[in-house]
Amino acid sequence: MKVSKKDVQASFSGAAASYDQAAVVQNEILERLLERLDILHNGEMPLLDLGSGTGLAARRLAASVDLQDYVAVDISEKMLAYAGNILGKYKCVCGDAESLPFADNSFATVISASTLQWCNDVGLAFSEVLRTLKTGGLFLFSTFGPDTLSEIKACFDSIDSNPHVNSFVDMHELGDLLAAMGFADIVMESEIITLEYPDPMQLLRDLQATGATNRIVDRSRGLLGKQRLNKFLQEYQKFQSGNGLYPATYEVIYGHGFRPDTVNNPVQGWQPVKFF
């Protein structure tokens, strides 16, 4: 199912000021991604932050890298402007992961945290990253898998047949796409992160505050309505845990690969992928 890039841009632009406080799971995932970067990164620059949002990665990296060699790209100009207000002037570009506005062989490292799920063609985004990486360059990313927000999916499935949660690509398919595009030494991992809320409405409010709401083109565009919202909240009661809290499940996928000396034709030379 395709997402509307225009709607994605508008949604995140509207959430620029509220994102940092509400993005609990995204912040945690970024921390875990940067821990992997500490292990994998050889210090070579420049570094591209793909889907930089409010500049959280830059704030974490400011003590260890020269932000003159750091480039932020995001689909939302308001997100970039918000980050600039906090960090001061640094290199930022408004752009789409599926059509990067950079020359070939531009970056030694590309990182992307919780962004690729907004792509309509993840393989195209991978090929764009590979194109802009230098030989030997590292690509490190996190994204969400199909079990993400499974509770919300189940509740809405009992109400209607419309898509209410974005679709997410399976870890094995992502690994295969990386290999197909020509990446080498690929490693894929996944984990489950569960947040707990005092009530389901707080979960919905947090999703709204981060801009991470349903942007599928074929979604229902009408308001949820009081009756359907009450039905949703009633259905969510079945997930209430023994401590009285309500879980929200996130399947988090991490992956990395390197640009080899010679890039294979995108439909040839598939390589083995390690899955954890």
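Start by selecting V71 and K91: V71 stands opposite K91 in strand β3. Strands, like helices, are DSSP runs numbered from the N terminus (H or I over at least four residues for a helix, E over at least two for a strand).

Before moving on, a word on what is loaded. This is a predicted model with residues numbered from 1 along each chain as its sequence is written. Local features need pLDDT of at least 70, side-chain atom pairs count only at pLDDT 80 or more, totals for chains, interfaces and linings use all residues, and side-chain values use heavy atoms, with hydrogens and water left out.

**Stop 1: the parallel strands**

Widen the selection to β2 (residues 70–74) and β3 (residues 91–94). These strands pair in the parallel sense over four bridges; pairing requires at least two DSSP bridges between two strands. Now add β1 (residues 47–50), which runs parallel to β2 and is joined to β2 by four bridges. Look for L47, whose bridge partner in β2 is Y70. To get from β1 to β2, the chain passes through helix α4 (residues 56–61), and this β-α-β crossover is right-handed. Right-handed here means that, with the strands pointing away from the viewer, the path from the first strand over the helix to the second runs clockwise.

Is β2 mostly covered or open? Five of its five residues are buried, where buried means under 20% relative accessible area, exposed over 50% and partly exposed in between (1.4 Å probe, protein chains only). Color the two faces separately: Y70, A72 and D74 are buried on one side, and V71 and V73 are buried on the other.

**Stop 2: helix α1**

Next, select residues 5–14, helix α1, where K5, D7, V8, S11, F12 and S13 are buried. The cover over the buried residues of α1 includes α2 (19–22), α5 (77–87) and α9 (200–210). Keep K5 displayed for a later stop.

**Stop 3: the nonpolar cores**

Show the side chains of L37, Y70, I111, I152, L203, Y236 and Y250. These residues have the most contacts inside the largest nonpolar core, which has 50 residues. Helix α3 (residues 24–40) gives the most to this core, with six residues. A nonpolar core is a set of buried Ala, Val, Leu, Ile, Met, Phe, Trp, Tyr and Cys residues joined through side-chain atoms within 4.5 Å.

Center on I152 and, setting aside residues up to four places away in sequence, you will find that I152 touches V165, L203, L204, L207, F232 and Y236. Contact here means heavy atoms within 4.5 Å. Apart from the largest core lies another core, of 29 residues, among them F107, V129, L133 and L178.

**Stop 4: two buried glutamates**

Select E98, in the loop between β3 and β4 (107–113). Why is E98 classed as buried? E98 is buried because its relative accessible area is 13%. Bring K5 back into view: the side chains of E98 and K5 make a polar contact (2.5 Å). A polar contact is a pair of N or O atoms within 3.5 Å; within protein, one must be able to donate a hydrogen and the other to accept it, and residues adjacent in sequence count only if both atoms are side-chain atoms. Also look at N120, whose backbone nitrogen lies 2.9 Å from a polar atom of the E98 side chain.

Then move to E235, in helix α10 (residues 226–236). E235 counts as buried because its relative accessibility is 15%. Its side chain makes a polar contact with the side chain of S158 (3.4 Å). Leaving out residues up to four places away in sequence, E235 touches C155 and S158.

**Stop 5: backbone details**

Most residues other than glycine have a negative phi, and most peptide bonds are trans. Select M45 and P46, which are joined by a cis peptide bond with omega of about 5 degrees; P46 sits in the loop between α3 and β1. S114, in the loop between β4 and α6 (122–132), is not a glycine, yet has a positive phi of about 55 degrees. L149 also has a positive phi of about 55 degrees without being a glycine, and lies in the loop between β5 (133–144) and α7 (150–157).

**Last stop: confidence**

Finally, color by pLDDT, the predictor's confidence in each residue, from 0 to 100. The mean is 87, and 88% of residues reach 70 or more. Select residues 215–223, where pLDDT stays under 50. Where pLDDT is low, the predicted coordinates should not be read in detail.
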